[in-house]
Amino acid sequence: MNAHSKIDFSPAVSLRGVVRQFGDNRVIDRLDLDIAPGEFVALLGASGSGKTTLLRSLAGLDPIEGGELSAPQARAAVFQEPRLMPWKRAWKNVTLGLRVANPRARAVQALTEVGLAHRLEAFPATLSGGESQRVALARSLVREPKLLLLDEPFAALDALTRIRMHRLIIDLWQKHTPAVLLVTHDVDEAILLADRIIVLQHGRIAEALQVDLSRPRDNGQAGFNAIRTRLLALLGVEKDDPESLARDHNPFIAPGYPLSAIAI
Ligand SMILES: Nc1ncnc2c1ncn2[C@@H]1O[C@H](COP(=O)(O)OP(=O)(O)OP(=O)(O)O)[C@@H](O)[C@H]1O
Ligand SMILES: [Mg+2]
């Protein structure tokens, strides 16, 4: 390293004392959070705890009422539903609003990356749920985000498609190295994907857990269960207590569900 070289350790995302409220309902309450460049963070929390609210402010879609929030300009978000324009073909959905010299070439590249090179001309109504989410993912990729915000993007997909999407997300993340904030209700999904898992409670980060498992990960891996047990305890869900699970309206508990036996 010479005298002039400088390594930039500044975080991709930095929140200090962030407040977000709707009338008297303070949803985010003086929240502090840093996300490092290229870090993959999963955000867990009970329904209504403010995960989407936080993500929308990070995406620049909503303001904040207090504190400081800094996030990269180049950011993109994918939500639970793909939000595609039904009257536009897949490739046009990908480049919607993008001002570049050759949008089609960019769309082809992004759709190829998500395995949809053969569906360039398809209209959204003719795509499966998983394909639609991959188009939404391609739409975020063409923006070359430094911060990728994912709000339960796999929640509406079947178990097998989810597994494929997990692999795809990890491949894309490793190739493009954005910082990622993934909102999920699925404890296993968080452990499979994230470098760090944070739990939102009462408007703040109640807990942060580093996931030091080697990749690729699977839920039979040594150490996986210990993290799961810890997270479930934090979230107030007893692992072998069906009533407690049912109480949390778990949409993913089904006999034989292969990946996410337990979600909140
Ligand atoms: N636009 C809005 N106007 C008023 N209140 C809102 C608005 N958006 C969210 N809220 C309130 O903020 C709180 C947090 O909502 P949010 O959608 O962020 O929860 P969440 O953690 O994403 O929940 P879920 O897991 O069910 O998606 C809720 O009490 C909700 O009613
Ligand atoms: Mg939400």
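Helices are DSSP runs of H or I spanning at least four residues, strands are runs of E spanning at least two, and both are numbered from the N terminus.

**Overview of the predicted model.** The structure shown is a predicted model. The protein has 264 residues, and 37% of them are buried. Its secondary structure comprises 8 helices and 9 strands. Take the contacts between residues at least 6 apart in sequence: 69% of these join residues at least 24 apart.

**Close-up of helix α7 and the elements that its buried residues pack against.** Helix α7 runs through residues 224-234. Its buried residues are I227, L231 and L232. They line one face of the helix, because they fall within an arc of 130° seen down the axis of α7. A226 and A233 lie on the other side of α7, where they are exposed. The buried residues pack against two strands towards the C-terminal part of the numbering, β8 (196-201) and β9 (204-210). They also pack against strand β3 and helix α6 (187-193). G236 comes just after α7 and has a positive phi of about 75°.

**Close-up of V41 in strand β3.** Strand β3 covers residues 40-44, and V41 is one of them. V41 counts as buried because 23 other C-beta atoms lie within 10 Å, and the cut-off is 20 or more. Neighbours within four places in sequence are left aside in the contacts that follow. V41 touches I35, V180 and L181. The other contacts of V41 are with A194, D195, R196 and I198. V183 is 142 residues from V41 in sequence, yet their C-alpha atoms are 8.7 Å apart. Strand β3, which holds V41, is also among the elements that the buried residues of α7 pack against.

**Close-up of the shell around ligand 1.** The residues around the ligand include a run from S47 through G48, S49, G50, K51 and T52 to T53. G45 is there too, as are F22, N25 and V27. Strand β2 (25-35) and helix α1 (51-58) each supply at least two residues of this shell. Helix α1 gives the most, with 3 residues. By class, the shell has 8 polar, 2 nonpolar and 1 charged residues.

**Close-up of helix α3 and its buried side.** Helix α3 takes in residues 103-113. Four residues are buried here: R106, A107, A110 and L111. They are on the same side of α3, because they cover an arc of only 125° around the axis. Helices α2 (90-94) and α4 (129-141) are among the elements that cover these buried residues. G115 follows α3 and has a positive phi, near 80°.

**Close-up of the contact between helices α4 and α5.** Helix α4, which helps to cover the buried residues of α3, also meets helix α5 (residues 159-176). The two axes come within 11 Å and cross at roughly 10°. That angle is under 35 degrees, so α4 and α5 are roughly parallel to each other. From α4, the contact uses G130, Q133 and L141. From α5, it uses T161, M165, L172 and H176. By class, the contact has 3 nonpolar and 4 polar residues, and no charged ones.

Methods: Residues are numbered from 1 along each chain as its sequence is written. Chains are lettered from A and ligands numbered from 1 in the order in which they are written. This is a predicted model: local features need pLDDT of at least 70, side-chain atom pairs count only at pLDDT 80 or more; totals for chains, interfaces and linings use all residues. A residue is buried if 20 or more other C-beta atoms lie within 10 Å of its own, exposed if 12 or fewer, and partly exposed in between; C-beta atoms are placed from the backbone. The arc is that of the directions from the helix axis to the C-beta atoms. Two residues are in contact if their C-beta atoms, placed from the backbone, lie within 7 Å. Axes are lines fitted to C-alpha atoms, for helices over the stretch in contact, and angles run from 0 to 180 degrees between N-to-C directions. Angles under 35 degrees count as roughly parallel, over 145 as roughly antiparallel, 65 to 115 as roughly perpendicular and the rest as oblique. Ala, Val, Leu, Ile, Met, Phe, Trp, Tyr, Cys and Pro count as nonpolar, Asp, Glu, Lys and Arg as charged, and the others, Gly among them, as polar. A residue is near a molecule or strand if its C-beta atom, placed from the backbone, lies within 6 Å of it.
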